[in-house]
Structures are given as C-alpha cells and as structure tokens.
Amino acid sequence: MASTSGKAERGAQRKIELFSGTYFAACTVGGIVACGPTHTMVTPLDLVKCRRQVDSSIYKSNTQAWRTIYSKEGLRGVFFGWSPTFIGYSLQGAGKYGFYEVFKYLYGDRLAPNANKTMVYLAASASAEFIADIMLCPMEAIKVRMQTTLPPFAHTLREGWGKVVSQEGVAGLYKGLYPLWGRQIPYTMVKFTSFEKTVEQIYKYLGKPKESYSALQQTSVSFLGGYIAGIGCAAVSHPADVMVSKLNSDRKPGEGAGQAMTRIYGKIGFAGLWNGLPVRIFMIGTLTAFQWLIYDSFKVYLGLPTTGGH
C-alpha cells in the first residue's frame with residue numbers, strides 16, 4: 001500500500017497541466033527521444049534501401065548488401081550516415097510530435113471544437129510535418145548523398161555540409177524540400193490519423209475505456225497501433241521516398257525540381273518508384289511502432305495520458 005502511495009506521490013509531483021506550454025514542450029522532447037534514436041537504429045536498413053532505390057542492380061538482396069558492406073568497411077560501414085540521421089530525425093521528431101499536439105489542440109479544441117476528429121488529425125499532422133520537414137531537410141540531403149554515392153560524396157556530416165554549401169550554397173541543402181514534403185506530409189497524415197483511429201478501435205474492441213487499463217497495457221496498445229499505422233504510411237509515401245533519393249543523388253546543377261523529376265521518372269518508370277518497398281514496410285512499421293511506444297512511455301513517465309483512445 002505504501003509503495004502504491006509513493007508512486008502516486010511521484011506521479012503528482014510530475015503532474016503537468018494539459019495543453020500548457022510545459023505540456024507542449026514535454027511533447028516536443030518526447031518527439032526527439034522517440035525519433036532520433038529509432039531512426040539511427042535502423043540506419044543499416046535505410047542505407048541499403050537508399051542505395052537500391054538509386055541503383056536496383058547494386059545488390060542482389062539486403063543480406064548480400066550488408067555482408068558486402070561489412071566485409072569491406074566493418075560496422076562503421078553498415079551504419080554509414082548515422083550522424084545526419086540522428087540529428088535530422090531528432091529535429092524532425094521535435095517538430096512532428098510537438099507541433100502535432102499544438103495544432104491538434106488549436107484546431108480541435110480552440111478553433112473548431114465540433115469538427116470531425118479525423119479532419120482535425122489530418123490537418124494537425126499535415127501542419128506539423130510542414131514545419132518538421134524544414135528542420136529535417138538539410139540533414140536528409142547530406143545523409144542521402146553520403147549513402148547513395150560510391151565512392152561516398154562525403155565521409156562525415158561536417159565534410160558533407162561543407163561540400164554542399166561551398167558548391168551550391170545553402171539552397172543546396174533544401175533542393176529536396178518539395179519532394180520531401182511530398183513524401184512526408186502524406187506519410188505523417190496517414191501515420192498520425194491511422195494511429196489515432198486504430199487505437200480508438202482497439203479500445204472499442206476491448207470494451208472498456210482507456211483509463212481502466214494499466215500504463216503497460218496502454219503503451220502496448222500504442223505499439224500495436226503504431227505498427228499498423230506504419231505499414232499504411234510506408235506504402236503511401238514510398239514513391240516520393242524513391243524520388244527524394246534520386247533527386248539528391250541525380251539532380252543536375254541548375255535543373256528545376258519538376259524538370260529533374262520528369263527526367264528521372266523517364267529513366268525508372270512507374271515500377272522504379274516501388275524499388276525497395278518490402279524493406280521500407282518492415283523498416284517503417286518497426287520504426288513507427290517503437291516511436292509511439294517510446295513517445296507514449298515518455299508521456300506516462302511524466303504523468304501524462306497516452307495518445308489517442310479518447
């Protein structure tokens with residue numbers, strides 16, 4: 001009994017007022033914790049995916065790819081590009097999760113309290129990702145160039161940043177922004193909306209309100225809902241993901257984004273837009289599940305409710 005009381009007291013000490021500035025700041029930190037480490041963890045998958053998107057004949061299989069890279073470069077080679085991945089997706093996670101909570105509250109509670117929840121989720125996630133991608137884009141540009149060029153465009157983040165800025169100016173760091181928006185905004189709209197709706201349906205199926213379940217049970221629902229959401233958003237965003245990889249590795253100096261995409265599509269065709277889809281479904285499904293698990297576990301640790309199911 002004393003142990004339970006102690007836990008309650010610690011929870012009360014951590015109590016953060018919902019929708020306060022501190023609440024949104026906590027969600028922003030939760031996004032960093034959820035996204036930076038998880039994306040870095042799957043760098044080996046991302047490395048092979050990007051290289052196979054740019055050149056489908058470079059490796060016969062993912063296993064053969066990792067074996068080849070490891071034999072030549074060791075573990076460092078398998079995790080090549082981890083530093084721009086970690087920094088870029090930490091920044092993106094801050095914007096994605098933090099601003100999603102802000103816009104969900106702003107659109108759903110303040111501006112249109114009677115609006116359809118699905119429309120609120122879609123609008124909030126799209127708005128948040130628009131901002132998050134501006135934060136991510138420079139790191140994504142460097143990461144893709146490092147991972148998809150052989151020999152590598154650069155061996156370190158600092159080297160890559162210096163080469164892009166010296167050769168193309170700061171604008172070179174943002175030349176993939178439009179296709180990044182094209183990939184990430186639909187991805188995040190599906191990711192957040194399908195997560196919210198999936199979690200809602202899981203609790204409806206279980207037959208009891210979310211609050212009646214333990215924190216462990218609630219975060220388990222978050223993990224399951226995240227995996228289901230991840231499969232959907234991987235499929236929706238994959239053609240744009242291929243185009244981002246192609247643009248950052250094969251866009252000619254002075255070439256417009258539309259002109260470059262038309263030229264690249266002429267070379268790879270519709271089928272080429274789906275190169276690497278199975279590995280991306282596995283990667284994004286796993287990523288999304290762990291991101292929601294980590295994010296909601298972080299919220300629970302601070303005494304906040306998990307996402308969805310209200």
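Is Lys 104 buried or exposed? In this predicted model, Lys 104 is buried, because its relative accessible area is 17% and the cut-off for burial is under 20%. The side chain of Lys 104 meets that of Glu 196 in a salt bridge, with an N to O distance of 2.9 Å. The two partners belong to distant parts of the chain, Lys 104 lying in helix H5 and Glu 196 in helix H8 (residues 177-206), 92 residues apart. Glu 196 is likewise classed as buried, with a relative accessible area of 2%.

The structure holds nine salt bridges. One of them is formed by Glu 129 and Lys 96, whose closest N and O atoms are 2.9 Å apart. This pair also links distant parts of the chain: Glu 129 is in helix H6 and Lys 96 is in helix H5, with their positions 33 residues apart in the numbering. Glu 129 has a relative accessible area of 0% and is therefore buried. Lys 96 is counted as buried too, because its relative accessibility is 2%.

A further salt bridge is found within helix H8, where both Glu 200 and Lys 197 lie. The side chains of Glu 200 and Lys 197 meet at 3.6 Å, N to O. The two residues are three apart, about one turn of the helix. Lys 197 is partly exposed, with a relative accessible area of 28%. In addition, Asp 46, Lys 49 and Lys 143 are joined into one network by salt bridges that share partners.

Helix packing was examined next. Two packed helices are described by the angle between their axes and the distance between the axes. Helix H3 (residues 43-54) packs with helix H11 (residues 277-301) at an angle of about 155°, and their axes are 10 Å apart. H3 is therefore roughly antiparallel to H11, since angles over 145 degrees are placed in that class. The crossing of these two helices, H3 and H11, is left-handed.

Helix H11 also meets helix H8, the axes of the two coming within 12 Å and crossing at roughly 55°. This angle makes H8 oblique to H11. The crossing in which H8 passes H11 is right-handed.

Tyr 295 is one of the residues of helix H11. With 1% relative accessibility, Tyr 295 counts as buried. The C-alpha atom of Tyr 295 is separated by 26 Å from that of Ala 141, and the two residues are 154 apart along the chain.

Another separation was computed for Gln 64, whose place is in helix H4 (residues 62-78). The C-alpha atoms of Gln 64 and Ala 115 are separated by 51 Å, and these residues are 51 apart along the chain. Gln 64 is partly exposed, its relative accessible area being 26%.

A nonpolar patch of about 370 Å² is present on the surface. It is made by Trp 82, Phe 86, Ile 87 and Leu 91. Of these residues, Ile 87 lies in helix H5, which covers residues 82-111. Ile 87 counts as partly exposed because its relative accessibility is 35%.

Backbone geometry was considered last. Most residues other than glycine have a negative phi, and most peptide bonds are trans. Phe 19, a residue other than glycine, has a positive phi, near 65°. Phe 19 lies in the loop between helix H1 (2-13) and helix H2 (21-41). The relative accessible area of Phe 19 is 35%, so this residue is partly exposed. Elsewhere in the chain, the peptide bond that joins Leu 150 and Pro 151 is cis, with omega about -5°. Pro 151 is found in the loop between helix H6 (117-148) and helix H7 (157-168).

Note on methods. Residues numbered from 1 in each chain as written. Predicted model: local features only at pLDDT ≥ 70, side-chain atom pairs only at ≥ 80, totals over all residues. Heavy atoms only, no water. Patch = residues over 30% accessible without salt bridge, like charges linked within 9 Å, V, L, I, M, F, W, Y side chains within 5 Å. Areas by Shrake-Rupley, 256 points an atom, 1.4 Å probe, with all protein chains shown as cover. Salt bridge = Lys/Arg side-chain N within 4 Å of Asp/Glu carboxyl O. Helix = DSSP H or I, 4+ residues; strand = E, 2+ residues; numbered from the N terminus. Buried < 20%, exposed > 50% of the residue type's maximum accessible area, 1.4 Å probe, protein only. Axes fitted to C-alpha atoms, helices over the stretch in contact; angles between N-to-C directions. Parallel < 35°, antiparallel > 145°, perpendicular 65-115°, else oblique. Left-handed = near helix turned anticlockwise from the far one by under 90°.
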